[in-house]
Amino acid sequence: MNLNEVNFMEKLYLDSFPKEEQRPTERMFKAYENSQNKFSILLAVTESKNVGFFNFWDFDKFIFAEHFAISSDFRSGGYGSRVMKVFMENISKPIVLEVEPPETEISQRRIGFYERLGFKLWDKIKYRQPSYESKGISYPMRIMSVGELDIEKDHKSVIETIHNVYSI
């Protein structure tokens with residue numbers, strides 16, 4: 001990534017996610033530089049314009065989509081769906097992500113966005129997002145997934161795997 005791309009992604013990241021849902025950017029870029037972490041950052045570009053970004057962890061049994069954001073200049077234009085569909089077409093593993101509980105209009109819309117892409121809400125599984133800071137507090141969230149995961153059987157190992165990346 002060049003400096004312009006990094007600056008775009010960092011600004012979009014900081015503007016798009018509440019502080020408690022943000023990995024400190026220096027730690028995020030360090031995880032990206034260390035390929036052993038299996039962490040990737042993809043920049044979405046159309047007609048030489050930065051549209052959004054997607055970062056994720058590639059684990060043995062699933063992909064954990066940690067952050068996905070589309071620039072406000074491109075929202076409501078179908079770019080989010082297109083970016084996610086292209087990603088899903090190129091991944092053979094199930095994809096898991098966290099969303100805020102469906103308690104606000106925006107969180108309900110976000111859940112609906114992912115449901116239209118085929119994701120299922122793990123509505124019976126209690127989940128708390130750990131803090132990215134060692135002394136921080138956890139937050140209630142929900143998990144959604146698409147692909148072949150048995151929620152009843154796999155939820156404990158999926159959650160444990162996700163929780164392990166918060167300290168990286």
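How much space lies in the largest pocket? In this predicted model, whose residues are numbered from 1 along each chain as its sequence is written, the largest pocket holds about 890 Å³ of space. Local features need pLDDT of at least 70, side-chain atom pairs count only at pLDDT 80 or more, and totals for chains, interfaces and linings use all residues, while side-chain values use heavy atoms, with hydrogens and water left out.

A pocket is an open set of points on a 1 Å grid over the protein atoms alone where a 1.4 Å probe fits, with protein on both sides within 12 Å along at least five of seven lines, and lining residues have an atom within 4 Å of a point. A volume is the space filled by probe spheres set on the points.

| Pocket | Volume | Lining residues | Nearest the centre |
|---|---|---|---|
| Largest | about 890 Å³ | 33 residues | Phe68, Arg75, Arg110, Phe113, Tyr114 |
| Second largest | about 240 Å³ | 13 residues | Ala44, Val45, Arg82, Val83, Val86 |

Strand S3 (63-70), helix H3 (79-89), strand S4 (95-99) and helix H4 (105-116) each give at least two residues to the lining of the largest pocket, whereas strand S1 (39-46), strand S2 (49-58) and H3 each do so for the second largest pocket.

Helix H5 (residues 151-165) has buried residues (under 20% relative accessible area, 1.4 Å probe, protein chains only), namely Asp154, His155, Val158, Ile159, Ile162 and Val165. The elements that cover these buried residues include S2, S3, S4 and strand S8 (142-146). At the N-terminal end of H5, Asp150 acts as a cap, with a side-chain oxygen 3.1 Å from the backbone nitrogen of Glu152.

Definitions and conventions: Helix = DSSP H or I, 4+ residues; strand = E, 2+ residues; numbered from the N terminus. Buried < 20%, exposed > 50% of the residue type's maximum accessible area, 1.4 Å probe, protein only. Contact = heavy atoms within 4.5 Å. Polar contact = N/O pair within 3.5 Å; in protein donor to acceptor, adjacent residues only side chain to side chain.
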